[in-house]
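Q: Got a minute to go through this one with me? I'd like to start at the surface and work inward.

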Amino acid sequence: MKKYFMNRFKLSGEGARNLISSTEACFLTYFVTMIPGVLLMAAVGQFTGRYSLGSRTMIFSSIIFLAAMYFFLRYEYIKLYSVTYSECAKIRTGLTEKLAELPLSYFSSHDLSDLSQTVMADTAAIEHALSHSIPKTYGLLFFLPVFSVFLFAGNWKMALAVLLPAAISFLFVILSRNIQDRRNLKFFNAQRKNAENFQEAVNMQREIKSFALKEEIRKRIFSDIDKGEKLQIKAEAAVIISMTLSALFSYIGIPAVIVTGTALIKSGEIPLIYLAGYFLAAVKIKEMMDISKEGILEIFYLKPRTERLGEINARYENIGKKTDRLPIENHNIQFKNVSFSYDISSPVLYDITFCAPSGSLTALVGPSGCGKSTVLKLISGL
């Protein structure tokens, strides 16, 4: 489980352990939140004469159950928020430290606005999911099988009436995963492209004005924004369709329990208190499923963002350890008999030798097409 969380959400070992403990806290809280239903069933049994627990027993049990609810809900809060924010702070600081260690060649193919988006916005999305969606969703996945055993132990027909609509409702969300992954990835890439275009326009504003390209650049940026909005609409449309179909079956569960329970009461197969208990179970499971489905959609939304973090981490791991690198005696940039060509027959640079001393200003001067940009690219790739 620890390795799965580390790979799936790009967490540290400690972060994965904290996520497991948060999931366990949510699992226990789901059981505790069933306590009011148990108390209500006991009250119904007391009222119908099926049970004779006594007023003192009911009051004492209520106090104990309420204290247990307070303890577990507080424990869940601590695990979900305090621990989560600590992990996300480590993700942010870890990213900035790793970016500082990357070679200059990495930044020649990655825009700084793109990287700042990863450090801030993507980590914020992961932070929200860790504190609101991931532990609750996985906690419910472990809770439902265990709780289903209790439901089937009472009456298998009523258990099916509660669980079958919920399972079908859940299935619609799962089946839409591939579509949502593809559309979320397209929207994610469009956001990155727009961020790069904005940054480029800001950096090149003097050149844009000088060459009278202001209107052309403006139209291009607004066109890209429109394309990004269309991709966002498509991504959200997939969510709306899957959630609508899911909700249709989600609302069937409660009427199904009422109809099934009424028929079984008439046939004498179950008492009235069973109908009350399964009705409360259906309401609670519907509430949990609605929350978990939103959590699953948020987890789907995270996929391209966690993959982006993984790409940065993987690139960092491939550049070697600090102890493996040669010591740098100075920070001069020196070319000695450097030649370069894109193919053998067409040399671009030939036998270039120069030194750009550290701490001084060095300029590359020459006519257009002489190779200034190629030299700079070779320097950034060192």
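Q: Which residues make the nonpolar surface patch of about 300 Å²?
A: Met1, Tyr4 and Phe142 make that patch. Keep in mind that this is a predicted model.

Q: Where is the place of Phe142?
A: Phe142 sits in helix α7, which covers residues 134-154.

Q: Is Phe142 buried or partly exposed?
A: Partly exposed. Its relative accessible area is 44%, and the partly exposed class lies between 20% and 50%.

Q: Staying in helix α7, what does the side chain of Ser148 reach?
A: The backbone oxygen of Leu144, at 2.6 Å. Ser148 is itself a residue of helix α7.

Q: And Ser148, buried or exposed?
A: Buried. Ser148 has 14% relative accessibility, and buried means under 20%.

Q: Switching to helix α2. How far apart are its end C-alpha atoms?
A: They are 29 Å apart. Helix α2 runs over residues 13-32.

Q: What span should those 20 residues give?
A: At 1.5 Å a residue, helix α2 should span 28 Å, so the 29 Å in the model agrees.

Q: Which residues of α2 are buried?
A: Quite a list. Gly13, Gly15, Ala16 and Leu19 are among them. So are Ser21, Ser22, Thr23, Ala25 and Cys26. The list also has Thr29, Tyr30 and Val32.

Q: What is the relative accessibility of Cys26?
A: Cys26 is at 1%, so it counts as buried.

Q: What about Cys355, buried or partly exposed?
A: Partly exposed, because its relative accessibility is 38%.

Q: How many disulfides does the count come to?
A: Zero. A disulfide would need a pair of cysteine sulfur atoms within 2.5 Å.

Q: On to the backbone. What is phi of Asn337 near?
A: Near 55°. That is a positive value, and Asn337 is not a glycine. Most residues other than glycine have a negative phi.

Q: Where does Asn337 lie?
A: In strand β1, residues 333-343. Asn337 counts as partly exposed because its relative accessibility is 47%.

Q: And Asp351, what is its phi near?
A: Near 50°, again a positive value in a residue other than glycine.

Q: Which strand is Asp351 in?
A: Strand β2, residues 346-356.

Q: Is Asp351 buried or partly exposed?
A: Asp351 is partly exposed, at 40% relative accessibility.

Terms used
Residues are numbered from 1 along each chain as its sequence is written. This is a predicted model: local features need pLDDT of at least 70, side-chain atom pairs count only at pLDDT 80 or more; totals for chains, interfaces and linings use all residues. Side-chain values use heavy atoms; hydrogens and water are left out. Buried means under 20% relative accessible area, exposed over 50%, partly exposed in between (1.4 Å probe, protein chains only). Helices (H or I, at least four residues) and strands (E, at least two) are DSSP runs, numbered from the N terminus. The expected span of a helix is 1.5 Å times one less than its number of residues. Patches are made of residues with over 30% relative accessible area and no salt bridge: like charges are joined within 9 Å, nonpolar side chains (Val, Leu, Ile, Met, Phe, Trp, Tyr) within 5 Å. Accessible areas come from the Shrake-Rupley method with a 1.4 Å probe; for residues, only the protein chains shown count as cover. A salt bridge is a side-chain nitrogen of Lys or Arg within 4 Å of a carboxyl oxygen of Asp or Glu. A polar contact is a pair of N or O atoms within 3.5 Å; within protein, one must be able to donate a hydrogen and the other to accept it, and residues adjacent in sequence count only if both atoms are side-chain atoms.
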